[in-house]
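Here is a short set of exercises to work through with the model open beside you. Try each task before reading its solution.

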Amino acid sequence: MNTPSELKYTKDHEWIKIEGNVATIGITDFAQGELGDIVYVDVDTVDDDLNGGDVFGSVEAVKTVSDLFLPISGKVIEFNSELEDQPELLNSDPYGNGWIIKLEVAEGAYHSELLSAEDYQAIIG
């Protein structure tokens with residue numbers, strides 16, 4: 001199971017990479033493996049200000065649909081448009097070309113609930 005140590009994680013199986021006040025967010029290798037073949041990614045929250053824990057979109061796999069939860073508060077500033085034609089990037093490259101959104105992190109956003117790679121590994125076993 002691939003869990004890059006430079007990223008932070010959530011109990012809901014999202015990863016986040018914070019650079020300055022912009023965060024890149026996607027789903028973990030574990031999550032894509034559990035979902036199976038991903039066929040559609042729905043994000044209609046670009047330009048929305050959301051709170052940590054809010055649903056920012058969903059991922060549709062062959063057998064299920066799963067909500068995507070925002071790890072921290074902020075404004076959704078970009079959706080990875082490559083996912084419109086290639087949703088399978090979430091399966092093949094979840095930490096690279098399969099990123100889902102970019103977020104402008106809200107001032108004072110609460111980071112303490114984010115998990116280290118080691119803590120996330122402990123949760124998924």
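**Exercise 1. List the contacts of Phe56, leaving out residues up to four places away in sequence, and place Phe56 in its core.**

Solution. Step one: with contact taken as heavy atoms within 4.5 Å, Phe56 touches Ile25, Val43, Asp44, Thr45, Leu50, Leu68, Phe69, Leu70, Ile100 and Ile101. The model is predicted, so local features need pLDDT of at least 70, side-chain atom pairs count only at pLDDT 80 or more, and totals for chains, interfaces and linings use all residues. Residues are numbered from 1 along each chain as its sequence is written, and side-chain values use heavy atoms, with hydrogens and water left out.

Step two: the largest nonpolar core has 27 residues, and Phe56 is among those touching the most other members, together with Ile27, Val41, Leu90, Ile100 and Ile101. Such a core is a set of buried Ala, Val, Leu, Ile, Met, Phe, Trp, Tyr and Cys residues joined through side-chain atoms within 4.5 Å. Buried means under 20% relative accessible area, exposed over 50%, and partly exposed in between (1.4 Å probe, protein chains only).

Step three: two or more core residues come from each of strand 3 (22-27), helix 1 (29-35), strand 4 (38-42), strand 6 (55-61), strand 8 (74-79), helix 3 (89-92) and strand 9 (101-105). These elements are DSSP runs numbered from the N terminus: helices are H or I with at least four residues, strands E with at least two. A second, separate core of 10 residues includes Leu7, Tyr9, Trp15 and Trp99. In soluble globular proteins, nonpolar side chains tend to be buried together.

**Exercise 2. Is Val43 buried or exposed, and is Asp47 buried or exposed?**

Solution. Start with location: Val43 sits in the loop between strand 4 and strand 5 (49-50), and Asp47 is found in the loop between strand 4 and strand 5 as well. Next, accessibility: Val43 is buried because its relative accessible area is 13%, whereas Asp47 is exposed because its value is 55%. Then look at surroundings: beyond four places in sequence, Val43 contacts Phe56, Gly57, Phe79, Ile100 and Ile101. Finally, check the backbone: phi of Asp47 is near 80°, a positive value in a residue other than glycine.

**Exercise 3. Which residues lie nearest the centre of the largest pocket, and which are closest to the centre of the second largest?**

Solution. For the largest pocket, the volume is about 270 Å³. Of its 15 lining residues, Gly52, Gly53, Leu70, Pro71 and Glu113 lie nearest the centre.

The second largest pocket holds about 150 Å³. It is lined by 13 residues, with Asp12, His13, Ala31, Leu35 and Ser66 closest to its centre. Helix 1 and strand 7 (65-69) each give two or more residues to that lining. One of the central residues, His13, lies in the loop between strand 1 (8-9) and strand 2 (14-19), and its phi is near 75°, positive in a residue other than glycine.

A pocket here is an open set of points on a 1 Å grid over the protein atoms alone, where a 1.4 Å probe fits, with protein on both sides within 12 Å along at least five of seven lines; lining residues have an atom within 4 Å of a point. Volume is the space filled by probe spheres set on the points, which are joined across faces, edges and corners.

**Exercise 4. Where is Lys63 placed, and is Lys63 buried or exposed?**

Solution. Lys63 is in the loop between strand 6 and strand 7. Lys63 counts as exposed because its relative accessibility is 81%.
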